[in-house]
Amino acid sequence: MFRSLRIIAILCLTASPALAADNGKELATAAAHAGMAAGAESPQMVRTHLQHVLNCLEGPKGADYAEVLGNPCASQGAGAIPDSPADGRKKLEDAAAFAKRALAEQNIDKAKQMASELQSQLR
């Protein structure tokens, strides 16, 4: 009986989306949104997709997370950075910093160029 309960508990834990975070999916989604920012027609959409990149990287507990713009990675985990092993976080933190610079860029063509570079970094 206890063996059966342990097996059920293990199955429940491994099937739980909150515990089965996949930062690979979060990174793919972030990269896709960087590409959407790079190809966006309006400044508003460039900025929206760059914010989506930040939301995917940092997750809801991140300093730059903006819930109002949505999180396309909401069902994928707690954010690519917090879901990464410690030795892989620096690269992602650098990508988030780059995304913040792109988001703050006033020249929309430059922001789109930065978004394209960001997409390459995240692949």
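Let's start with leucine 122: leaving out residues up to four places away in sequence, leucine 122 touches Leu27, Ala30, Ala31, Val53, Leu57 and Ala95. Touching, or contact, here means heavy atoms within 4.5 Å.

A word on where this comes from: this is a predicted model, in which local features need pLDDT of at least 70, side-chain atom pairs count only at pLDDT 80 or more, and totals for chains, interfaces and linings use all residues. Residues are numbered from 1 along each chain as its sequence is written, and side-chain values use heavy atoms, with hydrogens and water left out.

**The overall picture**

The chain has five helices and zero strands, giving the pattern α-α-α-α-α along the sequence. Helices (H or I, at least four residues) and strands (E, at least two) are DSSP runs, numbered from the N terminus. Of the 123 residues in the chain, 36% are buried. Buried means under 20% relative accessible area, exposed means over 50%, and partly exposed is in between (1.4 Å probe, protein chains only).

About 7200 Å² of the chain is exposed, and carbon and sulfur atoms supply 58% of that. Those areas come from the Shrake-Rupley method with a 1.4 Å probe; for residues, only the protein chains shown count as cover. Among contacts with a separation of 6 or more, 54% are between residues 24 or more positions apart.

**Two helices side by side in a table**

The expected span of a helix is 1.5 Å times one less than its number of residues. Here is how H2 and H3 do:

| Helix | Residues | End-to-end C-alpha distance | Expected span |
|---|---|---|---|
| H2 | 17 residues | 24 Å | 24 Å |
| H3 | 16 residues | 22 Å | 22 Å |

Helix H3 covers residues 43-58. Twelve of its 16 residues are buried, so H3 is largely enclosed by the rest of the structure. The buried ones include Val46, His49, Leu50, Val53, Leu54 and Leu57. What covers them includes helix H2 (23-39), helix H4 (89-104) and helix H5 (108-122). Right after H3 comes glycine 59, with a positive phi near 75°.

In H2, the buried residues are Glu26, Leu27, Thr29, Ala30, Ala31, His33, Ala34 and Ala37. The cover over them includes H3, H4 and H5.

**The core**

Which residues of the largest nonpolar core touch the most other members? Out of 26 residues, they are Leu50, Val53, Leu57, Leu118 and Leu122. H2, H3, H4 and H5 each supply at least two residues of this core. A nonpolar core is a set of buried Ala, Val, Leu, Ile, Met, Phe, Trp, Tyr and Cys residues joined through side-chain atoms within 4.5 Å.

Alanine 99 sits in helix H4. It is buried, with a relative accessible area of 0%. Setting aside neighbours within four places in sequence, alanine 99 is in contact with Val53, Leu54 and Leu118. Alanine 99 and alanine 111 are twelve residues apart in sequence, and their C-alpha atoms are 9.2 Å apart in space.

**A glutamine in a loop**

Is glutamine 76 buried or exposed? Glutamine 76 is buried, with a relative accessible area of 17%, and it lies in the loop between H3 and H4. Its side chain makes a polar contact with the side chain of threonine 29 (3.1 Å). A polar atom of that glutamine 76 side chain also lies 3.5 Å from the backbone nitrogen of glutamate 26. A polar contact is a pair of N or O atoms within 3.5 Å; within protein, one must be able to donate a hydrogen and the other to accept it, and residues adjacent in sequence count only if both atoms are side-chain atoms.
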